[in-house]
Every structure is written in C-alpha cells, then in structure tokens.
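Opening the notebook on this one. I want to look up the record, a sheet and the aromatic rings.

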Amino acid sequence: MGKLEFSNSYTESTELIGYNDDILINVLIRLPGKSLMRFRNVSKHWLSLISSTYFSRCLNQIPISPSAIFLRMQPSLNKLKYHFLSLDRNPVREPSVRSFTFVDDPAGIRILQSCNGLLLCCSNNRLGEYNRNYYIYNPTTHQYTTLPKPDNRTQSPNTIFGVILAFDPLKSAHYKVIFVRSSETSPHLYQLEIYSSETHQWSFSSEISKVNNFSQGVYCCGGIHWRNNSGPFLRFDVHQERFQEIPMPKIPDHWDQQTKCRYFGECGGRLHLILTSCKHSTRQFDVYEMKNDFSGWFVKYRVDLNALISANPKMTQSNCHASDHWDYHAFTVLAIVVGEGSGQGSSLPFMVLHVPGKVITYSFKDKTSTLLHDFAPDCTDIEGCTTFEYDDAYPYITTLAIV
C-alpha cells in the first residue's frame, strides 16, 4: 500500500470515529479526566458530547479506582490546604498543594468526605455548625453546588453530629446528603435529615439512640456505616431508610478487647477495616472486608511490615514503661486501593501508608513497598510519629457527574 493510500485510509478511519458518537464515546470514556477536560476544546461537537448527561452516565458505568488523594495539611492562619498526591509510580519530593477556592468563602473550605468522585465540603467556620455552608464539589469538572438550608426548623437550630454524602454513579446520577442532628423530641435521640439532589428537598427520616460516633461515617453499597469502638457497627440503608447492626470482627483473646482503629474506608464497592492491639506489636495485622450480605467481616489481606520497618527505623518507638514493654510503629493507613483504573496498575490491590517523612505504597500481593512521595523533614514531629490520620486523606476519582 502506498503512502497516499495509507493516508486516505487513515483519514477515513479517523473521520469515522470522529463522527460516530457511539464509537467516540467508547474511546473517550477510557481516557484520564485531564485528557477529557482538554478534549472538550477540540470542537463544539466534542464539547457538547463530553458535557452531556449521557456521556457522564456512560463514564460512570466503568468502576474506577482512585488516581490520587487529597491529604489535609495542618492549617495555617485558619486556611486549610491539601497535598494532592498522585498514585502513579514516579516518586516526587514535593507534591502539589491546593486550597479550594471554587467559592468565595472567607472562612476557607474544608473537605468532609470523598464519595465516588464527588467531595462533600463545608465552610471552615467555627462560630457554629448551623451557620456553615455545605457544598458538593466535583474536582474533575470544578463544578459545585451549595446545599440549601433546611426550611423546616421549628425553634432553635439543631446540633449537627455528622454529615455524610451518599453517591453511587453505578445506580443513579443523583446523590443524597444525610445530616445526623439532635432530635427535637428527645435529648436522648438523634434525628436523621436527608437532602435529595433529585427532588431538591429535605426530609426527616428515622430517630436513633445516641450509641455510635456519627462523625465518621462511610458510604458503601447503598448504605452508610458507622463504627463503634465497643459494640456492633451500624448500617443505614439510604434507599429503604432502615438500620442494621453489623457485628465487629472477632478480636483475639490476648488483645484484652483493647483495639485501635487504623483504617475504616471504602474502595471499589468494598468496605475495609483495620484494627490493631493497643498492647501488642503492630508489625503484622489483618485487613478485614465486609461480607456481601453485611452480616459480618472476613480477613481479606494479611500485612507484614517487618521489611518496611527495617528500611525505615524512624517507624519504631519503644514504650518507656518497663512494665508494659512493646514496640509502637509509627504509620498511618491513608487508603486501600482495589479495582481498576489506578496509576499503580499491576500492583493492585495496595495500601497507601504515611510513615515519618514519606508516603509509600504496600502491595498486598508480594508484600513489597514502593516510595510514592518524599516530604520535607518538618513533616514529622519531635518523636518521629506521623502527622496525618486516616481521616485526613480523601481519594480523588475522575467523574463528570453533574452536581
């Protein structure tokens, strides 16, 4: 085939793709979010196609793992900033730092939760939670919406104990936001109030006794889950508005029921939990995954950090009490990444850890670790402990969902 024939054939093929929306969508939905944002400038047709509800719905049907995480830094002058840490294989000295300025909020913007590509944010106002503004923000498209204030208040404003975003693009293009408030009928109860993006309305749901910590809920598989340090976990089915108790994993007898929650989060429609003993070595531990029927937990992964601790001696601290000698290992689990579409590719599934001065990935398959980011020395305190907790990390997932 001559050059002219090849050129004509190539031109005809590209024109076929360019003007056939079905083929074009099938190609575009497999591209990274940044590329999609750039390709909107190719033509008015591409802009209209990529911005359409149908394209967003097609894109959301492909399960995608986090490609980065937002990591909350210590506030400076009451202005919150976040490290944006890419989960690709190339380690960097200084990851990009971002503050959210999508709205002019003088108090600054705080991330409360990441849920399948959307961020639940609020004003960083400390004068009273009922005065705060709440936002749903899409960091891929930079679109946001401000949640309307409930208009069914009777007398004084309620205290807010927790706010959770429930969004599953595989099931619906709409989302709900659940507020856990003090009850107007009893001081011993909490009241759930739900905002729907489909109806743009607020509604009251169930009342529940004050038995759980509702400040850190996790949405997974159609339900919100709250952990309990001493009893069953609680699940709230968002669609049926019904509660269900989930038993805690069986704790080894020698732990004396004293546990520390190292991680509680979701990825790829799977809920994970990490518990370690408060009196035993943290070199080895299990990662639990919730059963599909929500009846309990099973051990999904077994972790051995001996090689990582040997390579990072700052992780080890000896307890100064002679009567209770044990090694404490300074690390924080920032994320567990499973599924498809992450920059780590073949090393899935893996765990993202923050150790003194560094962020590394730990592969569940071969038990190896890889440097992801190297922070400056001032990212550790005097004793060498980590400065981030697991609830300081918020996964970034590409989505074109309309807020």
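My entries follow, topic by topic.

**Ground rules.** I'm working with a predicted model, where local features need pLDDT of at least 70, side-chain atom pairs count only at pLDDT 80 or more, and totals for chains, interfaces and linings use all residues. Residues are numbered from 1 along each chain as its sequence is written, and side-chain values use heavy atoms, with hydrogens and water left out.

**Record check.** I looked up UniProt, and its unreviewed entry lists "domain: F-box" at residues 21-55. I'm keeping in mind that UniProt positions are in the numbering used here, feature names are shortened, and annotations may be inferred rather than shown by experiment. In the model, that span is 71% helix and 0% strand, and its end C-alpha atoms are 10 Å apart. Helices (H or I, at least four residues) and strands (E, at least two) are DSSP runs, numbered from the N terminus.

**Sheet.** Next I pulled up an open sheet of four strands, ordered S16-S17-S18-S19 with antiparallel pairing. Which strands stand at the edges? They are S16 (259-267) and S19 (297-304); each has a single partner strand, so one side of each is left without a neighbour in the sheet. From one strand to the next, the twist averages 25° (axes are lines fitted to C-alpha atoms, for helices over the stretch in contact; angles run from 0 to 180 degrees between N-to-C directions). I then checked S17 (residues 270-277) against S18 (residues 284-290): they pair in the antiparallel sense over three bridges. Pairing takes at least two bridges found by DSSP between two strands. Leu273 has Tyr288 in S18 as its bridge partner.

**Aromatics.** My search of the whole structure gave 24 aromatic pairs (Phe, Tyr and Trp rings, the last by its six-membered ring, with centres within 6.5 Å; planes under 30 degrees apart are stacked, over 60 edge-to-face, the rest tilted). One of them, Phe84 with Tyr396, is edge-to-face at 5.5 Å centre to centre and 70° between the planes. Phe84 lies in S2 (residues 82-86) and Tyr396 in S26 (residues 393-396), so the pair ties together parts 312 residues apart in sequence. Are these rings buried or exposed? Phe84 is buried at 12% relative accessible area, and Tyr396 is buried at 12% too (buried is under 20%, exposed over 50%, partly exposed in between, 1.4 Å probe, protein chains only). Both belong to one aromatic cluster, whose members include Phe70, Tyr82 and Phe100.

**Charges over rings.** Arg98 lies over the face of Phe84, 3.8 Å from the ring centre. Arg235 does so with Phe294 at 3.6 Å. The test is NZ of Lys or CZ of Arg within 6 Å of the ring centre and within 35 degrees of the ring normal.
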